[in-house]
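Subject: Structure for your files

Hello,

Here is the structure we spoke of. Please have it open while you read the notes under it.

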Amino acid sequence: MNIMIAGGSGFLGAALAKSFLAEGHKVFILTRGSSVISGAQAVKWDAKTTNGWGHLVNEMDVMIHLTGRSLSSWPWTSKTKRDFKDSRIIPGLALAQAILEATQRPGIFIQASGINHYGLHGALADEATPPGDDFLARLTVQWEDATKSIEELGVRRVVLRSAVVLGKGEGLLSLMALPVKLFAGGPLGDGKFAMPWIHIDDWVGAVCYLIANENTSGAYNLIAPVPTSSADFYRALASVLHRPYWFPTPAFLLRILLGEMSVLVVEGRFAQPKRLIESGYKFQFEGPREALFDLLG
């Protein structure tokens, strides 16, 4: 297959590209730079228009939208929050326009989103749960809506509401493990809120499964099936790293230090991958200890 990835130079895009290339597919990465994973073809774009690359859509079987500035960018100023929106919505609109203009359209479009779609509080969420009304939830709604028009063109669209993706030496895991390695690991706030996560192998595996399974469409929660609290996660992390779990960090201190960004570490709603499991996908890593041991043990 010919597969085009917008956002293919980042942690998730590179992992997907490696998997696709290993299976013999051709990978085209939309990029504003020139450096892409070996074996993939770089395609220049401005992330705003279809100029110079739109014609290639006629040759694509799969298109994937992963672009978006990392939410770990600190501090969350008004400009930063605007960048979070623009870096997700504007490229999505350009991708949707390219498909609209194409004479031969891809069979499937993969749209990235976040598990924070469901808000910060409430009962266990699944894909049918309405979106929340906080900043992150509204951001996911706008991100998803940017490419919703593709469905009216007859293209199968799958939305990935992803949890924090854990990878060896990649993503947020190294940062999360640092205080534990320095013997300062412990609960963040009361530790009772959700810590949504998924192993990189399951994230890539689920994406590939959803692409291959033509009966799938709509939103899917890409999150480990075992509900994990922050305390559960960091206790498992400390155990795998053979470090103590004892140094609590008060929630009020994190809110002072991080400002609005603190919602990422002291609040969170539990969610489940209901539709993914019902579709038949089998997780390789269901609980945090086995996932963390594979990545760090």
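The notes below cover the sheet, one helix and a surface patch.

Please keep in mind that this is a predicted model.

Sheet. Seven strands make an open sheet, paired in parallel and ordered S3-S2-S1-S4-S5-S6-S10. The edges are strand S3 (41–44) and strand S10 (218–222); each has a single partner strand, so one side of each has no neighbour in the sheet. From one strand to the next, the twist averages 20°. The partner of S10 is strand S6 (residues 156–162), and the two are joined in the parallel sense by five bridges. Within this pair, Val159 has Ala219 of S10 as its bridge partner.

Helix H5. This helix takes in residues 200–212, 13 residues in all. At 1.5 Å a residue the expected span is 18 Å, and the end C-alpha atoms are 18 Å apart, so the two values agree. Its buried residues are Ile200, Asp202, Trp203, Val204, Ala206, Val207, Cys208, Leu210 and Ile211. Asp202 and Cys208 are thus listed as buried alongside residues such as Val204 and Leu210.

Surface patch. Phe252, Leu253, Ile256 and Leu257 form a nonpolar patch on the surface, and together they have about 430 Å² of accessible area. Phe252 belongs to helix H7, which covers residues 251–258. Why does Phe252 count as exposed? Its relative accessibility is 57%, and the cut-off for exposed is over 50%. As general background, an α-helix has 3.6 residues a turn, so residues three or four places apart point the same way.

Regards

Conventions:
Residues are numbered from 1 along each chain as its sequence is written. This is a predicted model: local features need pLDDT of at least 70, side-chain atom pairs count only at pLDDT 80 or more; totals for chains, interfaces and linings use all residues. Side-chain values use heavy atoms; hydrogens and water are left out. Patches are made of residues with over 30% relative accessible area and no salt bridge: like charges are joined within 9 Å, nonpolar side chains (Val, Leu, Ile, Met, Phe, Trp, Tyr) within 5 Å. Accessible areas come from the Shrake-Rupley method with a 1.4 Å probe; for residues, only the protein chains shown count as cover. A salt bridge is a side-chain nitrogen of Lys or Arg within 4 Å of a carboxyl oxygen of Asp or Glu. Helices (H or I, at least four residues) and strands (E, at least two) are DSSP runs, numbered from the N terminus. Buried means under 20% relative accessible area, exposed over 50%, partly exposed in between (1.4 Å probe, protein chains only). The expected span of a helix is 1.5 Å times one less than its number of residues. Two strands pair if DSSP finds at least two bridges between them. Axes are lines fitted to C-alpha atoms, for helices over the stretch in contact, and angles run from 0 to 180 degrees between N-to-C directions.
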